[in-house]
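This report describes one protein model together with its bound ligand. The account begins with a single residue and then turns to the ligand site, the core and the overall arrangement of the chain.

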Amino acid sequence: MSGPNTSYDPVEVAALDPQAVDDAVSAALAAASSAGTLDELRAARSAHQGDRSALALANREIGALPPSAKAEAGKRVGQARGRVAAAFAARHAELEAERDERILTEEAVDLTVVPPRRVGARHPISLVTERVEDIFVGLGWEIAEGPELESEWLNFDALNLGPDHPARQMQDTFFVEPADSSGLVLRTHTSPVQVRTMLDREPPIYVLCPGKVFRTDELDATHTPVFHQFEGLVVDEGITMAHLKGILDVFVARLFGAGTATRLRPSYFPFTEPSAEIDCQCWICSGTDASCRTCRGTGWIEVGGSGMVNRRVLTASGIDPDRYTGFAFGLGIERSLMLRHGVADMHDIVEGDVRFSTQFGMEI
Ligand code: FA5
């Protein structure tokens with residue numbers, strides 16, 4: 001129809017018939033309750049409550065009724081529209097609650113699930129350093145540390161490396177500007193911590209000094225300009241090289257495995273006299289394989305330097321060399337790691353790729 005029914009016509013107001021209104025309400029309630037989703041409900045609502053619905057049509061017809069009939073028809077249609085609106089609102093609330101419940105279940109985040117991506121791994125240099133520290137602390141030693149920016153006197157002079165000593169060239173040094181007068185260097189080894197310790201403490205001294213050291217070496221397969229050493233120092237009455245050998249044997253057995261032997265090979269360091277290179281029995285072949293790549297068939301692998309603390313160093317450090325003797329040793333951690341785990345290239349150790357570190361089993 002095209003507009004309100006201004007001249008009362010019983011045919012045109014059939015929409016106001018009580019039965020027709022009840023039918024429209026029943027159809028609307030059925031559509032509301034059978035809507036399974038909010039979209040279906042929206043469509044049903046438009047069909048049963050929209051401008052073109054039976055009840056909207058009936059509502060429009062009220063205006064054409066004679067005044068005496070308007071009140072009753074208005075009440076009937078109004079109540080019908082109210083019931084339909086309430087039914088749609090109730091169903092809407094139900095469907096919304098169902099949807100929210102479903103979203104909460106389907107999109108729930110389980111905070112206890114382990115993240116699929118690894119965030120990192122401890123670096124094997126840290127792991128080896130801690131393992132070495134644990135071994136010596138287990139023997140009753142203390143840990144001593146010194147600064148990485150060190151005085152030239154402690155790094156060289158106090159260790160019997162005078163200004164013109166040829167051995168001073170053995171360790172190419174990062175000097176701190178101005179090189180000729182600052183008196184500071186990036187320490188080239190952990191041995192200055194020996195001197196610091198002896199200046200600080202009275203014997204008996206049993207200390208391990210781990211730390212970072214610096215040399216102007218190019219980064220290549222076996223060298224890095226920044227690397228790590230650990231220094232051992234014992235000063236007490238009656239200390240001999242036999243004690244040095246005994247400690248080294250205990251240490252390598254605990255680090256590399258029971259039965260791994262050491263050997264001392266004559267060498268030279270200005271701060272120890274006599275001095276010796278420390279060789280460790282090859283932990284891959286124990287000297288039984290002439291083609292072993294780790295020891296090149298020799299059965300022995302050099303791991304560091306050692307010796308009896310030079311009397312001059314004891315004196316420079318305020319210790320009476322006639323009463324006390326001592327031994328010291330220094331090992332490179334990167335080289336130990338390369339040898340122990342067959343790492344072929346120093347680049348792998350310094351570049352910080354987490355895939356390298358995870359191979360050592362300490363993921364975090
Ligand atoms: C020293 O540094 C002595 N201070 C060790 C010492 C201590 C001897 C106490 C006697 C008594 P040397 O320069 O050889 O010694 O270095 C010791 C170890 O550091 C070497 O065996 C090697 O493992 C490691 N090292 C040396 N240069 C590098 C480098 N550029 N990159 C990685 N490791 C290095």
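Asn155 is located in helix 6, which spans residues 152-155. The model is a predicted one. Asn155 has a relative accessibility of 0% and therefore counts as buried, the limit for that class being under 20%. Beyond its neighbours within four places in sequence, Asn155 is in contact with Glu150, Leu161, Val185, Arg187, Thr188, His189 and Pro192.

**Ligand site**

One of the contacts of Asn155, His189, is also among the residues that come nearest to the ligand. In total, 24 residues surround the ligand, and those nearest to it are His189, Ser191, Arg215, Asp217 and Gln229. Three separations between ligand atoms and N or O atoms of the protein are listed below.

| Residue | Protein atom | Ligand atom | Distance |
|---|---|---|---|
| His189 | side-chain N or O | nitrogen | 3.0 Å |
| Thr224 | backbone N or O | nitrogen | 3.1 Å |
| Gln229 | side-chain N or O | oxygen | 3.1 Å |

The ligand taken alone exposes 690 Å², of which the protein buries 92%.

**Nonpolar core**

Which residues touch the most other members of the largest nonpolar core? In this core of 38 residues, they are Phe251, Phe327 and Phe329. Two or more residues are contributed by each of helix 5 (124-138), strand 5 (226-236), helix 8 (241-256), strand 7, strand 8, strand 9 (325-332), helix 10 (333-341) and helix 11 (346-350). Helix 8 gives the largest share, seven residues.

The surroundings of Phe329 can be set out in full. Apart from neighbours within four places in sequence, Phe329 is in contact with Phe136, Trp141, Phe230, Glu231, Gly232, Leu244, Ile247, Leu248, Ile278, Gly305 and Ser306.

Helix 10 has Ile333, Glu334, Ser336, Leu337, Met338 and Leu339 as its buried residues. These buried residues pack against helix 5, strand 5, strand 8, strand 9 and helix 11. Just after helix 10, Gly342 adopts a positive phi of about 65°.

**Residues of strand 8 and helix 8**

Val309 belongs to strand 8. Its relative accessibility is 6%, so Val309 counts as buried. Leaving aside neighbours within four places in sequence, Val309 is in contact with Met198, Leu233, Phe271, Thr272, Leu314, Gly326, Phe327 and Ala328. One of these partners, Phe327, is also among the core residues that touch the most other members. The C-alpha atoms of Val309 and Leu199 are separated by 14 Å, with their positions 110 residues apart along the chain.

Met241 lies in helix 8. Is Met241 buried or partly exposed? Met241 counts as partly exposed because its relative accessibility is 25%. Outside its neighbours within four places in sequence, Met241 is in contact with Leu264, Pro274, Ala276, Gly307 and Met308.

**Backbone geometry**

Pro274, one of the contacts of Met241, is found in strand 7. The peptide bond joining Glu273 and Pro274 is cis, with omega about -5°. A cis peptide bond also runs from Pro203 to Pro204, with omega near 5°. Pro204 lies in the loop between helix 7 (192-200) and strand 4 (205-214).

Asn160 is not a glycine, yet it has a positive phi of about 70°. Asn160 is placed in the loop between helix 6 and strand 3 (184-186). With a relative accessibility of 19%, Asn160 counts as buried because that class covers values under 20%.

**An exposed loop residue**

Ser291 occupies the loop between strand 7 (272-281) and strand 8 (300-309). Because its relative accessibility is 57%, Ser291 counts as exposed. The side chain of Ser291 makes a polar contact of 2.7 Å with the side chain of Asp289.

**Domain arrangement**

The chain is divided into domain 1 (10-106) and domain 2 (124-358). How many Å separate the centres of domain 1 and domain 2? Taken over C-alpha atoms, the separation is 91 Å. A residue pair gives a further distance: Met241 and Ala90, 151 residues apart in sequence, are 94 Å apart in space from C-alpha to C-alpha.

How values were computed. Residues are numbered from 1 along each chain as its sequence is written. This is a predicted model: local features need pLDDT of at least 70, side-chain atom pairs count only at pLDDT 80 or more; totals for chains, interfaces and linings use all residues. Side-chain values use heavy atoms; hydrogens and water are left out. Helices (H or I, at least four residues) and strands (E, at least two) are DSSP runs, numbered from the N terminus. Buried means under 20% relative accessible area, exposed over 50%, partly exposed in between (1.4 Å probe, protein chains only). A polar contact is a pair of N or O atoms within 3.5 Å; within protein, one must be able to donate a hydrogen and the other to accept it, and residues adjacent in sequence count only if both atoms are side-chain atoms. A nonpolar core is a set of buried Ala, Val, Leu, Ile, Met, Phe, Trp, Tyr and Cys residues joined through side-chain atoms within 4.5 Å. Contact means heavy atoms within 4.5 Å. Domain bounds come from an automatic or database domain assignment. A residue is near a molecule or strand if one of its heavy atoms lies within 4 Å of it. Accessible areas come from the Shrake-Rupley method with a 1.4 Å probe; for residues, only the protein chains shown count as cover.
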